[in-house]
Amino acid sequence: MFNTSCKGLVSDAEKLMALDVTIQVSSMDCGGGPSIYPLHCCKTLHFVRHAQGVHNVEGDKNYKAYMSPEYFDAQLTPLGWQQVDNLRKHVRSCGLFERIGLVITSPLLRTMQTAVGVFGGEGCADRIDSVPLMVKNAGNSDRPAISSLDCPPIVAVELCREHFGVHPCDRRRSISDYQYLFPAIDFSQIESDEDILWTNSKREAMEELAARGMKFMDCFLGITGLWWWVIGGGLSLGIMCGAWEKLRLWTRKEKEIAIVTHSEFLVPALNAFGNDCHPLIKKEMCKGFANCELRSMIIVDRRMSGSDLSTTNYPGKIPPGPDVPSAVTDGKNVEPDSGST
């Protein structure tokens, strides 16, 4: 465990290096060949890092800037919104938008702005039968309202938040405030209105962040117990997992899901996977994410924790009937022996 007396002034990237949460490739497995799995045991996850936030501008130059109270729950910059617009165009031009059935987002302002900006509906007409995903000028964005029509549902989940503690930019507002700014986002998975997971005295340790990332993936897979020992079943993780049971990936019908979150959450979470792959594939999976980068991956339910029934497999023998042995069938095509020479 790291000494927390520094209150987050040590770069989190340096902590990742210290923990050796970098590319670890199994020398026994990386030479394996291709793998085949039933399609109904697979889902596609599209991981997205939020666009540029106001805290990134100064924080990239001076890490201590992340301690500034003025970056509380940092919103996107104008450049960040340009990045959102470009990713929005991409997911539509490549056909991805039509395939995504669910969007999961970290409940921080910058991630929710990114999620609704990329995956939300077109514009927002004044209609009594729908509420907007985002109200006009939410988070001083100077952006019009965004419609909740003709787009996938967006659900906020605490498990995929940025590092907890110390940095004001990683502290969320009350859910009541967010519900006003993002009326059509589903906040039902979050049990506490106030942010009880963030403290100003202790930065979440890298081991705890990695464990939380694994718990997020565990909840997708329906597997219990993995990495739980790192936190020892602590209060914070228990609170975050309470309502999450309703969102287990393998009990949902959606085959493609977008997850809008943070690079420092994704890197340690994804680093636990891909050890049986070529080192270049492992590197592609686990390297840091740029602002508003999207990376698509397949997740396989190898434990049959609740995979969907196949919608493409065909059982055959329709209509049913007795099988005719091939020898009999072949004999029907042979001329009978007349005994002539």
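## Salt bridges

There are 15 salt bridges to explore here, and a friendly reminder belongs up front: this is a predicted model. Side chains of opposite charge can pair when their charged atoms come close.

A good place to start is arginine 173, whose side chain meets that of aspartate 73 in a salt bridge with an N to O distance of 2.7 Å. The two partners sit in distant parts of the chain, 100 residues apart. Arginine 173 belongs to the loop between β3 (154-156) and α6 (175-181), while aspartate 73 lies in the loop between α2 (54-59) and α3 (78-93). Their surroundings are worth a look too: arginine 173 is partly exposed, at 23% relative accessible area, whereas aspartate 73 is buried, at 0%.

## A linked charged group

Which residues join up in a network of salt bridges? They are Glu158, Arg161, Arg172 and Asp195. Within this network, arginine 161 pairs with glutamate 158, and their closest N and O atoms are 3.0 Å apart. Arginine 161 has a relative accessible area of 0%, so it counts as buried. Glutamate 158 is buried as well, with a relative accessibility of 7%.

Another pair to view is lysine 202 with glutamate 208, a salt bridge whose closest N and O atoms are 3.3 Å apart. Here lysine 202 is partly exposed, at 36% relative accessibility.

## The nonpolar cores

Nonpolar side chains tend to be buried together in soluble globular proteins. In this model, the largest nonpolar core holds 36 residues, and those touching the most other members are Val103, Val116, Phe119, Phe182, Ile185 and Phe187. At least two residues each come from α3, α4 (96-99), α5 (109-119), β3, α6 and β4 (256-261). Helix α5 gives the largest share, six residues.

If you would like to zoom in on one member, try phenylalanine 187. Setting aside neighbours within four places in sequence, phenylalanine 187 is in contact with Met112, Ala156, Ile175, Tyr178, Gln179 and Phe182. Apart from the largest core lies another one, of 23 residues, including Leu45, Cys219, Phe265 and Phe289.

## An enclosed helix

Is helix α10 (residues 263-271) mostly buried or exposed? Nine of its nine residues are buried, so the helix is largely enclosed by the rest of the structure. Among these buried residues are Pro268 and the polar-lettered ends of the list, Ser263 and Asn271. Glu264, Phe265, Leu266, Val267, Ala269 and Leu270 in α10 are buried too. Phe265 also turns up in the core of 23 residues.

Definitions and conventions:
Residues are numbered from 1 along each chain as its sequence is written. This is a predicted model: local features need pLDDT of at least 70, side-chain atom pairs count only at pLDDT 80 or more; totals for chains, interfaces and linings use all residues. Side-chain values use heavy atoms; hydrogens and water are left out. A salt bridge is a side-chain nitrogen of Lys or Arg within 4 Å of a carboxyl oxygen of Asp or Glu. Helices (H or I, at least four residues) and strands (E, at least two) are DSSP runs, numbered from the N terminus. Buried means under 20% relative accessible area, exposed over 50%, partly exposed in between (1.4 Å probe, protein chains only). A nonpolar core is a set of buried Ala, Val, Leu, Ile, Met, Phe, Trp, Tyr and Cys residues joined through side-chain atoms within 4.5 Å. Contact means heavy atoms within 4.5 Å.
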